[in-house]
Amino acid sequence: MKQSVPRGLTSRLFAVVGGPVPRRLAQWAALVDEVNGWETQLRAETDEQLRKRSLSLRYRAKSGERLARLLPEAYALVRESSVRTTGMRHFDVQILGGAALFHGSIAEMETGEGKTLTATLPMYLHALAGKGAHLATVNDYLASRDAQQMEPVYRLLGMSVGCIQTPDTSDQRRKAYACDITYGTAKEFGFDFLRDRLLLRRMGRQMSDFLGEGSSHRWDDSGEKPVQRTACFALVDEADSVLIDEARTPLIIGSLGEKARAQVVASFRWAAEHAARFVEDEHYEYEQDTRKVELTAVGRQFLRTLPYPDLLRSVGLIDLYQYIERAIKVHRDFHLDRQYVVRDGEIVIVDEYTGRLAEGRKWRDGIHQALEAKEQIEVTVPTGQAARITVQDLFLRYRHLAGMTGTARSAAREFRKIYKLRVVPIPTNRPVIRRRQQDRIFGTSEQKWEAVVEEVRQLHAQGRPILIGTRSIDKSQYLARLLEQAAVPHEVLNANEIAREADIVSLAGQEGRVTVATNMAGRGTDIKLGDGVADLGGLHVICTELHDAARIDRQLIGRCGRQGDPGTFRQYMALDDDVLLNGLGRERAEKLTRLGQASQSNLDHYSKLFRRAQHRVERKHFRDRNVLLHHERERKKIQREMGQDPYLDTAD
Ligand SMILES: Nc1ncnc2c1ncn2[C@@H]1O[C@H](COP(=O)(O)OP(=O)(O)OP(=O)(O)O)[C@@H](O)[C@H]1O
Ligand SMILES: [Mg+2]
């Protein structure tokens with residue numbers, strides 16, 4: 001008799017999918033049964049016996065047996081290994097999630113359900129084939145935390161684990177990639193791919209030189225070798241962030257080398273330093289109509305007498321003339337707080353027609369850099385472009401791709417369209433008892449902040465830990481000042497020091513803690529409740545403003561109510577919030593702002609308006625991403641037709 005699905009699991013699946021359980025999910029639930037079937041036997045075996053089993057699985061996988069057939073025993077082994085090393089036994093729903101991941105899905109598992117542990121299952125199974133398995137996540141901290149926490153589970157079964165961190169050298173990277181399993185960020189995987197590709201092309205050129213001349217292999221002498229080997233499987237954690245939100249940013253390797261960049265920067269700085277010593281009509285002429293500066297013969301002579309750093313020795317004189325001419329022009333024609341301002345260490349152009357700041361715009365022809373040098377801030381040299389890849393393309397290159405996140409559902413269409421991956425919701429191990437508290441909506445942000453501080457004060461007096469999410473760093477700092485005035489002790493985090501930040505966030509569940517963080521800081525960090533905190537009601541999360549994507553809000557909220565813990569959250573909104581501006585357009589948003597300033601009444605009925613605005617911004621971003629995808633595809637098609645490598649630029 002075949003008893004296929006554990007009854008508890010199917011009925012819970014039923015509740016999650018809200019109808020008959022799809023066939024696939026039922027099949028995977030049957031796998032859970034098979035995995036459970038191995039448990040008693042494996043429990044009785046020694047570590048050594050488990051390792052032997054693992055070895056034999058490896059052998060079978062390498063001799064071509066289908067991984068799907070090895071799944072039940074492999075998953076049971078990983079579970080047993082985890083029990084022995086971390087003390088955690090994969091819950092049935094985690095085994096189910098692992099099965100969904102192996103079969104190439106986006107597993108939507110609630111925040112705090114234990115995706116870190118779930119990942120060990122498909123990672124191990126794919127690694128058996130020995131063709132490389134990558135786990136990609138959003139930041140270095142999460143990559144190294146997860147690699148470290150899960151390493152003992154793999155090691156007991158004879159699998160090696162590597163982790164890529166941004167500062168790593170090529171040698172360290174090569175070692176990490178040589179491991180059975182490699183953790184890292186999507187960005188690092190992408191840049192290593194591009195660097196290898198550039199290197200291989202250089203090697204290819206040298207190879208053809210070599211064939212012509214009969215000299216030795218130069219690339220062997222330099223010791224340069226690619227760092228990656230082929231990788232067959234990628235599991236993407238925080239899949240919505242990596243595969244959807246970050247898909248818009250292409251990874252680009254500049255064509256200017258380190259030294260060339262340093263030289264350009266030094267030239268701008270040198271010119272800025274000396275520009276004021278050049279005298280009009282003696283050293284240079286200024287043409288009123290075209291606002292052009294040109295050095296005279298005397299000026300050129302004078303320039304040659306100026307001291308310059310060693311780095312400029314190989315810069316041509318003609319170039320130096322131009323640097324100085326540009327610096328003089330900038331010195332005469334561009335004035336701080338008139339044409340531009342300096343904010344957060346960046347030049348921001350003031351639009352001459354509207355007087356507003358033209359965020360993100362730059363002057364061309366080196367003017368922008370000359371200004372940066374004049375203001376003694378970082379000089380942003382355009383890097384040129386030698387190689388590029390989008391996150392989308394990077395992950396589409398893997399033979400097998402899967403993803404997991406707490407927030408996938410709203411992006412299901414995109415996952416299917418772009419990656420051909422289905423979103424599969426996995427039930428939680430225990431019921432989620434996190435409670436939403438009534439939204440609070442205010443006419444102006446000032447009123448909103450005041451109310452936030454008041455709520456923090458009250459809950460803090462009871463000892464409840466509180467996590468407050470803001471939309472930006474300056475808003476965190478603003479709130480921190482208000483809390484200081486209210487004499488509420490607190491910690492502030494911003495996106496700069498992720499490791500320290502994550503440490504603080506992970507302590508955020510202790511009694512009496514108040515933590516202010518940007519929304520983005522929350523993702524992936526695990527907040528454990530301190531002693532007695534559950535009795536107080538658990539962690540309380542305050543969202544001070546809706547983010548452009550509801551998923552980001554859900555991630556922040558997901559820091560409480562993990563693993564069936566108690567927890568509450570509340571969302572605050574004001575009629576002058578950015579989300580209304582972005583979603584409804586300036587005109588309507590300004591009308592609402594005016595209304596807000598006038599109104600003293602209860603604004604709770606505006607709640608729907610906010611969600612609608614948020615939804616519109618989400619759709620707008622979705623359309624933008626589609627346009628990008630389309631352009632990328634066209635570009636690649638043309639390059640392929642011309643016989644070029646679509647990831648490398650033609651010029652080196
Ligand atoms: N099988 C298990 N037994 C006991 N504890 C577990 C188990 N699985 C996970 N946990 C615990 O649950 C907590 C949350 O795990 P984890 O951070 O992996 O969640 P997550 O799903 O990745 O959440 P997020 O979406 O926020 O990243 C951790 O403290 C972890 O130790
Ligand atoms: Mg996680």
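## Close-up views of the predicted model

**Asp-577 and the backbone of Ala-574.** A polar atom in the side chain of Asp-577 is placed 2.9 Å from the backbone nitrogen of Ala-574. The coordinates shown here and in the views that follow belong to a predicted model. Asp-577 occupies the loop that runs between strand S20 (566-574) and helix H24 (578-584). Is this residue buried or exposed? Asp-577 counts as buried because its relative accessible area is 4%, and the limit for that class is under 20%. When neighbours within four places in sequence are set aside, the contacts of Asp-577 are Lys-448, Glu-545, Tyr-572 and Phe-610.

**The shell of residues around ligand 1.** Ligand 1 is surrounded by 20 residues, of which the closest are Gly-112, Thr-116, Asp-526, Arg-559 and Arg-562. By character, the shell comprises nine charged, eight polar and three nonpolar residues. Which element supplies the largest share of this shell? Helix H7 (residues 115-127) does, with three residues.

**Polar atoms facing the oxygen atoms of ligand 1.** Both backbone and side-chain atoms of the protein are shown beside the ligand. From the backbone, an N or O atom of Gly-114 lies 3.0 Å from an oxygen atom of ligand 1. From the side chains, a polar atom of Lys-528 is 3.1 Å from an oxygen atom of the ligand, and an N or O atom of Arg-562 is 2.8 Å from an oxygen atom of the ligand. Taken alone, ligand 1 exposes 650 Å², and 87% of that area is buried by the protein.

**Ligand 1 between two domains.** The domain assignment of the protein gives domain 1 (7-193 + 392-425), domain 2 (258-374) and domain 3 (433-607). Why is ligand 1 described as lying between domain 1 and domain 3? Domain 1 and domain 3 both contribute residues to the shell around ligand 1, and the ligand therefore lies between them. The C-alpha centres of domain 1 and domain 2 are 54 Å apart.

**Leu-125 in helix H7.** Leu-125 is part of helix H7, the element that gives three residues to the shell around ligand 1. The relative accessibility of Leu-125 is 0%, so the residue is classed as buried. Not counting residues up to four places away in sequence, Leu-125 touches Leu-67, Leu-70, Leu-71, Ala-74, Tyr-75 and Phe-102. The C-alpha atom of Leu-125 is 9.2 Å from that of Val-78, a residue 47 positions away along the chain.

**Ala-61 in helix H4.** Ala-61 belongs to helix H4 (residues 47-62). With a relative accessible area of 9%, Ala-61 is buried. What does Ala-61 contact once neighbours within four places in sequence are left aside? Its partners are Leu-67, Leu-70, Leu-128 and Ala-129. Leu-67 and Leu-70 also appear among the residues touched by Leu-125. Leu-396 is 335 residues from Ala-61 along the chain, and the C-alpha atoms of the two are separated by 24 Å.

**Two loop residues with positive phi.** Asp-344 has a phi near 50 degrees, a positive value in a residue other than glycine. This residue sits in the loop between strand S9 (340-343) and strand S10 (346-350). Asp-344 is exposed because its relative accessible area is 74%, where the class requires over 50%. Gln-563, likewise not a glycine, has a positive phi of about 50 degrees. Gln-563 is found in the loop between helix H23 (550-557) and S20. Its relative accessible area of 32% makes Gln-563 partly exposed.

**The whole protein, for orientation.** The protein contains 26 helices and 20 strands. Its C-alpha atoms fill a box of roughly 100 × 85 × 45 Å along the principal axes. Of the 652 residues, 50% are buried. The accessible surface comes to about 31600 Å², with 49% belonging to carbon and sulfur atoms. Among contacts between residues at least 6 apart in sequence, 73% join residues at least 24 apart.

Definitions and conventions:
Residues are numbered from 1 along each chain as its sequence is written. Chains are lettered from A and ligands numbered from 1 in the order in which they are written. This is a predicted model: local features need pLDDT of at least 70, side-chain atom pairs count only at pLDDT 80 or more; totals for chains, interfaces and linings use all residues. Side-chain values use heavy atoms; hydrogens and water are left out. Helices (H or I, at least four residues) and strands (E, at least two) are DSSP runs, numbered from the N terminus. Buried means under 20% relative accessible area, exposed over 50%, partly exposed in between (1.4 Å probe, protein chains only). A polar contact is a pair of N or O atoms within 3.5 Å; within protein, one must be able to donate a hydrogen and the other to accept it, and residues adjacent in sequence count only if both atoms are side-chain atoms. Contact means heavy atoms within 4.5 Å. A residue is near a molecule or strand if one of its heavy atoms lies within 4 Å of it. Accessible areas come from the Shrake-Rupley method with a 1.4 Å probe; for residues, only the protein chains shown count as cover. Ala, Val, Leu, Ile, Met, Phe, Trp, Tyr, Cys and Pro count as nonpolar, Asp, Glu, Lys and Arg as charged, and the others, Gly among them, as polar. Domain bounds come from an automatic or database domain assignment.
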